[in-house]
Amino acid sequence: MTTNAIAPISPPEPGLTPDEMVHRAEALRPVLRERQAECETLGCLPAATNDAFVEAGFYRILQPRRFGGYEFDIPTFVDVMTEVARGCPSSGWVLALTSGHTHTLTYFSERAQIEAYGADGEFRAPLVATPGVIARPAEGGFTLNGGWDYSSGCDIATHFLGHILAPPAVAGQLPTILLAQITREDYTIVDNWDVVGMRGTGSRRVVVKDVFVPDHRVIASPVFSSEATASTHENPMYLGRPLPLLIMELACVAVGIARAALDEYERIVRTKRVLGPLTPFRVEASEFQRHYGHASALVETAHAALRQNAADYMTIARRQAGGGERFGELDSRRLLLIDQHCVELCTDAVTLLFRTAGSSAGRSTGVLQRYMRDINFITTHMAIQPDATHETFAQTQFGVSTDARW
């Protein structure tokens with residue numbers, strides 16, 4: 001529960017509503033589209049875009065109100081992230097994968113949260129699940145050495161959340177996976193981000209060398225835990241399991257990309273003719289109508305499933321807060337499975353649109369080829385692979401943990 005250890009930080013606009021937040025994201029879409037190429041060339045979020053996100057309050061959507069956030073719900077987060085990604089996939093990715101982690105920060109001690117938010121409530125943090133750093137016990141905490149790849153948004157971050165490995169207390173046992181919170185001053189960035197898709201995310205390597213992290217900024221990983229979480233806040237939203245929400249961040253971007261691809265496809269078929277100057281515009285041809293309709297069905301299904309997933313997350317968390325059944329492993333796996341299949345549906349839609357838009361869509365200056373590269377690159381993320389989740393969901397449902405095969 002929240003205490004009165006410090007005076008609360010007031011959000012920048014105390015009267016801001018979820019609807020207004022979504023409208024701001026919609027209004028930014030034309031500007032973000034104009035900056036897509038710049039973002040990709042820079043390999044990171046343009047400063048003007050980051051400033052616009054700060055001014056709009058996007059980084060504070062899930063942030064506790066006590067610490068200067070708006071404490072809106074998960075569906076509002078989904079709506080804003082989807083709309084921003086519709087304007088620029090890379091920008092949407094950076095926003096989703098830094099702002100969403102205000103929710104993760106609530107699992108830390110009150111002291112750690114007070115220190116992280118400081119006097120103004122500014123908090124933006126990538127989170128990397130792979131434990132790439134060894135933690136050596138030191139008096140009052142740990143000393144960290146190592147690095148984390150794929151740190152999306154590390155250049156505009158105020159903090160970083162990374163999984164670390166603590167050596168076992170007894171030889172022969174497995175190391176303990178912990179989650180550490182470090183400040184921007186504690187890490188350096190290695191520019192190793194040279195990929196075919198999501199080039200503007202700046203998902204570079206974060207490196208720490210002999211960095212001391214006190215005990216209160218290190219917790220048992222809530223991402224890898226099978227137990228329901230506790231919270232220092234009263235809002236039931238902060239009782240939810242982190243994994244499905246973390247993957248929801250990725251699914252938001254996929255839906256945004258797919259909607260952007262539909263926008264571009266419509267522009268193409270309205271301005272290009274079927275074969276030549278004397279033939280009808282493609283928008284009048286049943287072939288292109290079928291492709292657009294098919295892709296729209298895939299995207300709208302994914303969007304509806306994602307928004308329902310967000311609503312279900314809130315419902316399950318409220319159930320636990322009300323003394324009912326806890327937010328369990330089966331709940332987490334079901335939500336995760338739907339997140340992953342939302343990405344799959346959107347990838348199928350973008351692939352169909354790119355394949356049928358004509359060869360001119362593949363020009364390096366075209367945006368549809370960027371959407372094609374970006375969404376297929378998202379599918380390479382380990383957390384998006386559904387095969388393992390299919391198995392773990394079934395194992396949880398059946399109450400078995402065997403890997404037996406016929």
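This report walks through a predicted model of one protein chain, from its overall build down to a few single residues.

**The whole chain**

Let's start with the big picture. The protein chain's secondary structure adds up to 12 helices and 7 strands. Its radius of gyration is 22 Å, close to the 22 Å that the globule rule gives for 406 residues, so the chain is as compact as a globular protein of that length. If you boxed up the C-alpha atoms along the principal axes, you'd need roughly 80 × 55 × 40 Å.

How much of the chain is tucked away? Of the 406 residues, 53% count as buried. What the chain does expose comes to about 17600 Å², with carbon and sulfur atoms supplying 55% of that area. Contacts also reach far along the sequence: take those between residues at least 6 apart, and 73% of them join residues at least 24 apart.

**The nonpolar cores**

In soluble globular proteins, nonpolar side chains tend to be buried together. Here, the largest nonpolar core has 94 residues, and the members touching the most others are Phe 53, Phe 58, Ile 74 and Val 80. Helix α8 (residues 242-271) gives this core its largest share, 17 residues. Another core lies apart from it; this one has 20 residues, including Cys 154, Ala 157, Phe 160 and Ala 166.

Which residues does Phe 58 meet, once neighbours within four places in sequence are set aside? Its contacts are Met 21, Arg 24, Ala 25, Leu 28, Phe 53, Val 80, Met 81, Val 84, Leu 95 and Ser 99.

Then there's Thr 76, which sits in helix α4 (residues 74-87). Is Thr 76 buried or exposed? Its relative accessibility is 8%, and buried means under 20%, so Thr 76 counts as buried. Not counting residues up to four places away in sequence, Thr 76 touches Pro 18 and Ile 61.

**Two helices, α8 and α10**

Helix α8 shows up again here. Of its 30 residues, 24 are buried, so the helix is largely enclosed by the rest of the structure. Its end C-alpha atoms are 45 Å apart, which agrees with the 44 Å that 30 residues should span at 1.5 Å a residue.

Leu 243 is one of the residues in α8. Between Leu 243 and Val 255 there are 12 places in sequence and 19 Å in space, C-alpha to C-alpha. Leaving aside neighbours within four places, Leu 243 is in contact with Val 223, Ser 332, Arg 333 and Leu 336.

Helix α10 covers residues 329-356. With 28 residues, α10 reaches 41 Å from its first C-alpha to its last, close to the 40 Å expected at 1.5 Å a residue. After α10 comes Gly 358, with a positive phi near 100°.

**Strands side by side**

Now for the strands. Strand β3 (residues 159-166) pairs with β4, and β4 in turn pairs with β7 (residues 218-220). On another pairing, β3 is joined to β1. Here's how they line up:

| Strand pair | Direction | Bridges |
|---|---|---|
| β3 and β4 | antiparallel | 8 bridges |
| β4 and β7 | antiparallel | 3 bridges |
| β1 and β3 | parallel | 4 bridges |

You can pick out single partners too. Between β3 and β4, Ala 166 has Thr 176 as its bridge partner in β4, while Gly 162 has Ala 180. Leu 178 is matched with Ala 220 in β7. Over in β3, Leu 165 stands opposite Ile 134.

These strands aren't out in the open. In β3, 7 of the 8 residues are buried, leaving the strand mostly covered. Strand β4 (residues 176-183) has 6 of its 8 residues buried, so it is largely enclosed by the rest of the structure.

**A buried spot in a loop**

Where does Phe 123 sit? Look in the loop between α7 (110-117) and β1 (127-138). Phe 123 is buried, because its relative accessible area is 1% and the cut-off for buried is under 20%.

Setting aside neighbours within four places in sequence, Phe 123 is in contact with Tyr 59, His 101, Thr 102, Leu 105, Ala 116, Tyr 117, Thr 158 and His 159. Phe 123 and Met 237 are 114 residues apart along the chain, and their C-alpha atoms are separated by 19 Å.

Notes. Residues are numbered from 1 along each chain as its sequence is written. This is a predicted model: local features need pLDDT of at least 70, side-chain atom pairs count only at pLDDT 80 or more; totals for chains, interfaces and linings use all residues. Side-chain values use heavy atoms; hydrogens and water are left out. A nonpolar core is a set of buried Ala, Val, Leu, Ile, Met, Phe, Trp, Tyr and Cys residues joined through side-chain atoms within 4.5 Å. Buried means under 20% relative accessible area, exposed over 50%, partly exposed in between (1.4 Å probe, protein chains only). Contact means heavy atoms within 4.5 Å. Two strands pair if DSSP finds at least two bridges between them. The expected span of a helix is 1.5 Å times one less than its number of residues. The radius of gyration is taken over C-alpha atoms; the globule rule is 2.2 Å times the number of residues to the power 0.38. Accessible areas come from the Shrake-Rupley method with a 1.4 Å probe; for residues, only the protein chains shown count as cover.
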